[in-house]
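Let's take a friendly walk through a protein model, from its overall layout down to a handful of single residues. Have a look at the picture first, then read on.

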Amino acid sequence: MSWLTKTLTSSIGKKVLMSLTGLFLCTFLVVHLIGNLQLFYNDGGYSFNKYAVFMTSFPLIKIISYGNYFFILFHAFWGLYLEFQNRKARPVAYVVTKNSSSFSSRNMAVLGTILLVYIVVHMGDFWYKYHNETLPFVQYTENLLTGEVVTTEMPETYSQETKMVETYNQAESTKTVIVKDLYKVVSVSFQNILLVIFYVLAMFSVSFHLVHGFQSAFQSLGINHPKYNPLFKFLSVWLFAILIPIGYAAMPIYFYFFK
C-alpha cells in the first residue's frame, strides 16, 4: 500500500482528496436542499417532520450522514492544511501588477472557514437539538380519502419513546402520526433576525466557494476537456453559485416574513 500512501500524500494526491470530498459535499447540498424544500409545504410541517424521521432513522441514510459529517470536517481542515502548506512554501508573495485570479480562487480558505462556522451553528441549532434535547410533539391526522391534514399540538408533558408513532383508523379512513416537531424548532429559530442575516450571508460564501471549487475539482481529477468544461462551468454558476444558495437562503427569509 506504499504506492497509495505516496500518491495521496503527493501534491496531486492532496488535491484529489480535496476534489473528491468536495464533489461528495456538492452532491449532499443538492439532496439536502431537495429534502428541506418540504419546509415550504403548507401542511403544518407534516411532510418535513416525517422527512426528518426518515433521515435520522433509516440505517443506510444514517451511515451516509455520519460519513458526510466526516467529509465535512476532513474537507475543511484538509483545505486549511493545504493553504498553510502553500503559504509556507511561498513565504513571500509574488509581486504582480494585476492579479488575474478570481476572488473565489484567492479566498477559498477564508470562504471555507466561514462555511465551517455556518455548519457548526446550523447543526447546533437543529441536528443537536433534534437528537439531544426534549422537543415538542405534534399530532397530524390525515384523511386518506381527501388528503386533508389536521394539526394538533401535543401537551408539553407528552412524550414517547420513538420519534414517530403512526396509527390507522380504517373505519374513518384516517392516519394519525405523532412526531417530534422539528418544524416548530425551525420556525421559532428563524424568528431571530440575527440568525436569518447570518444564514443569508453564509449563502454568499457558499456561492463564491462553489463557483470556483466545483470547476477546479474536475481539473484536479484530470477531467479537463473542451467538450465538458462548458457543462462544468454552467453547473458551477447556475446550480451551485445561484440556485443552491438562493434555495437555502429562501428558507430563513420565508419563516421570518411569512410564518
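## The overall layout

Starting at the N terminus, the elements of the protein chain follow the order α-α-α-α-α-α-β-β-β-β-α-α-α. Keep in mind that this is a predicted model. If you count up the secondary structure, you get nine helices and four strands.

The protein chain has 259 residues, and 36% of them count as buried. Its accessible surface is about 15,900 Å², with 67% of that belonging to carbon and sulfur atoms. Now think about contacts in the protein chain with a separation of 6 or more: 74% of these come from residues 24 or more positions apart.

## The nonpolar core

Which residues have the most contacts inside the largest nonpolar core? They are Leu 39, Phe 48, Leu 182, Val 186, Phe 190, Met 203 and Phe 255, in a core of 41 residues. Both helices and strands chip in: the elements giving two or more residues are α2 (11–36), α3 (46–57), α6 (108–132), β1 (137–143), β4 (174–180), α7 (182–189), α8 (193–220) and α9 (229–258). The largest share, 10 residues, is provided by α8.

Pick Phe 190 from that group and look around it. Once you skip its neighbours within four places in sequence, Phe 190 is in contact with Phe 126, Leu 195, Val 196, Tyr 199, Met 251, Pro 252, Phe 255 and Tyr 256. One of these partners, Phe 255, is also listed among the core residues with the most contacts.

## A pocket to explore

The second largest pocket holds about 180 Å³ of space. Which residues line it? Going along the sequence, you meet Thr 134, Leu 135, Pro 136 and Phe 137, then Glu 153, Met 154, Pro 155, Glu 156 and Tyr 158, and finally Asp 181 and Lys 184. Sorted by class, that lining is made up of six nonpolar, one polar and four charged residues.

## Tyr 51 and Ile 61

Tyr 51 is part of helix α3. Is Tyr 51 buried or exposed? Tyr 51 is buried, because its relative accessible area is 14% and the cut-off for buried is under 20%. Leaving out neighbours within four places in sequence, Tyr 51 makes contact with His 32, Gly 35, Asn 36 and Gln 38. Take Gly 35: it sits 16 residues from Tyr 51 along the chain, and their C-alpha atoms are 7.2 Å apart.

Ile 61 belongs to helix α4 (residues 59–89). With a relative accessible area of 19%, Ile 61 counts as buried too. Not counting residues up to four places away in sequence, Ile 61 touches Phe 54 and Met 55.

## Val 149 and Ser 173

Val 149 is found in strand β2 (residues 149–153). Its relative accessibility is 25%, so Val 149 counts as partly exposed. If you ignore residues up to four places away in sequence, Val 149 touches Tyr 46, Tyr 140, Thr 141 and Glu 142. You can also check Val 149 against Thr 176: they are 27 residues apart along the chain, and their C-alpha atoms are separated by 9.4 Å.

Finally, find Ser 173 in the loop between β3 (164–169) and β4. What is the phi of Ser 173 near? The phi of Ser 173 is near 55 degrees, a positive value in a residue other than glycine. For background, most residues other than glycine have a negative phi.

Technical notes: Residues are numbered from 1 along each chain as its sequence is written. This is a predicted model: local features need pLDDT of at least 70, side-chain atom pairs count only at pLDDT 80 or more; totals for chains, interfaces and linings use all residues. Side-chain values use heavy atoms; hydrogens and water are left out. A nonpolar core is a set of buried Ala, Val, Leu, Ile, Met, Phe, Trp, Tyr and Cys residues joined through side-chain atoms within 4.5 Å. Buried means under 20% relative accessible area, exposed over 50%, partly exposed in between (1.4 Å probe, protein chains only). Contact means heavy atoms within 4.5 Å. On a 1 Å grid over the protein atoms alone, a cavity is a set of points where a 1.4 Å probe fits but cannot get out, and a pocket is an open set with protein on both sides within 12 Å along at least five of seven lines; lining residues have an atom within 4 Å of a point. Grid points are joined across faces, edges and corners, and a volume is the space filled by probe spheres set on the points. Ala, Val, Leu, Ile, Met, Phe, Trp, Tyr, Cys and Pro count as nonpolar, Asp, Glu, Lys and Arg as charged, and the others, Gly among them, as polar. Accessible areas come from the Shrake-Rupley method with a 1.4 Å probe; for residues, only the protein chains shown count as cover.
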